[in-house]
Amino acid sequence: MTETISITVNGEKFIATVPPRTQLAEVLRDHLHLTGTHLGCEQGVCGACTVMMDGHPVRSCITFAGNCDGTTVQTIESSDDDLGQMLTEAFSRHHALQCGFCTPGMLATSRDILTRFPNPDEELVRHELSGNICRCTGYQGIVAAIMDVGSQINVPAQARTEDFRQSAFTPFEPDDSSGATSAPAAVGSVTQDKDWTVITRSLELNHPVGEVWDLFSDVSRVASCVPGASVSDVTENAFSGTVEVSFGPIKARFGGRGTYANNPQARKGHLSGSGADKNGQSNVRGELHYGIMEKAENTSNVDVEFRFSIQGALAQFNRPELVTGFADFLLQRFVANCNSVLSGGVTRPEHKIGAFSLAFAVIKAWFKRGKP
Ligand code: FES
Ligand code: FES
């Protein structure tokens, strides 16, 4: 089985017929011989393979070529516009590379940083770069180069975005063709607060507020609505649990402990917790605040604010633009499961997340619910 795709790469249209599991990096390197795009981990972790697609950075090692049909891709071979030139010269000036293996991905990410932030400070640059790994550990020069170029581009961030981006950002929107996510779309925001990623959402459940609160008050019951989550050792104000996430080659299983407290009168609650990937490569800490209100006789609103921070190999999933699409994908499944359970049904049998693995941080939030 094959599929035919059309991609514009570095200004030239390219049509190829490839097997469905072919990755964008394979097309670039093996079909187009654009070997400036490097492959390191091939698991979406190191960032070496980062290229720009429709003006936004993507991991070409975990991007199916079939999903790139109709897109515009820019690789290191054509990063010779004004911003590309400035970055290249600054990398040279600041000795921002040693072996150079990470450099194509670093330049792509640098471009993305400078299109979004005016004059980024060191803390911000280091945070934004956390998804790109340099084996030579030459971060000091890379950070200095980005800040140098940032200081030279003396225009507001929005103007820069219009100058350097070819199209508006479109968050990742997974296709859940299984049909179980009949929940209405959530509204809210995904922002950055220092090293925290903050997600706010307002969800709607088609059940009376009392029933919804009862569900949210039972940590074991609500955990069953979260894809991939399970809890154990639930006490009056603490719990332990696991979350499993699987996407292609990326598999993670997180275990941790948390505490919670609820206010049944106000129908509000909060919890906090931390955990680690069983392979020891990443650590997560998070806080969740939620409030449940009556919207209509048989309809309830659930307002949530979830803060999380990831350290380690999966730190790139702190980035709001990566989290947004998957957070909504996960929340849709969660809301659909809640509605099913509240109607006396069961949750979906599948308990792994079959999409971008950044979901694990969001999932961890959802299994940490308390009871009064
Ligand atoms: S090779 Fe793609 S992220 Fe490492
Ligand atoms: S310069 Fe060698 S991996 Fe970054």
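A crossing of two helices is called right-handed if the near helix is turned clockwise from the far one by less than a right angle. In this predicted model, that definition applies to helix H2, which passes H3 in a right-handed crossing, and also to the crossing of H2 and H5, which is right-handed.

**Overall content**

The protein contains ten helices and 13 strands, and buried residues account for 43% of its 372 residues. Among the contacts in the protein with a separation of 6 or more, 65% are between residues that lie 24 or more positions apart.

**Helix H2 and its two crossings**

Helix H2 covers residues 82–93, helix H3 covers residues 103–116, and helix H5 covers residues 139–152. The axes of H2 and H5 come within 8 Å and cross at roughly 135 degrees. Because angles of 115 to 145 degrees fall outside the parallel, antiparallel and perpendicular ranges, H2 is oblique to H5. On the H2 side this contact is made by Met86, Leu87, Ala90 and Phe91, and on the H5 side by Ala145, Asp148, Val149 and Gln152. By residue class, the contact of H2 with H5 divides into six nonpolar residues, one polar and one charged.

For H2 and H3, the axes come within 10 Å and the crossing angle is roughly 125 degrees, and these two helices are therefore oblique to each other as well. Here Leu83, Gly84, Leu87 and Phe91 of H2 meet Thr103, Leu107, Ser110, Arg111 and Leu114 of H3, a set of residues that divides into five nonpolar, three polar and one charged. Leu87 and Phe91 of H2 appear in the contact with H5 and again in the contact with H3.

The two crossings can be set side by side as follows.

| Helix pair | Axes come within | Crossing angle |
|---|---|---|
| H2 and H5 | 8 Å | roughly 135 degrees |
| H2 and H3 | 10 Å | roughly 125 degrees |

**Tyrosine 139 in helix H5**

Tyrosine 139 has its place in helix H5, whose residues run from 139 to 152. Is this residue buried, exposed or partly exposed? Tyrosine 139 has 18 other C-beta atoms within 10 Å, and because a residue counts as buried at 20 or more such atoms and as exposed at 12 or fewer, tyrosine 139 is partly exposed. Tyrosine 139 and leucine 129 are ten residues apart in sequence, and their C-alpha atoms are 9.0 Å apart in space.

Note on methods: Residues numbered from 1 in each chain as written. Chains lettered and ligands numbered in written order. Predicted model: local features only at pLDDT ≥ 70, side-chain atom pairs only at ≥ 80, totals over all residues. Helix = DSSP H or I, 4+ residues; strand = E, 2+ residues; numbered from the N terminus. Contact = placed C-beta atoms within 7 Å. Axes fitted to C-alpha atoms, helices over the stretch in contact; angles between N-to-C directions. Parallel < 35°, antiparallel > 145°, perpendicular 65-115°, else oblique. Nonpolar A, V, L, I, M, F, W, Y, C, P; charged D, E, K, R; others polar.
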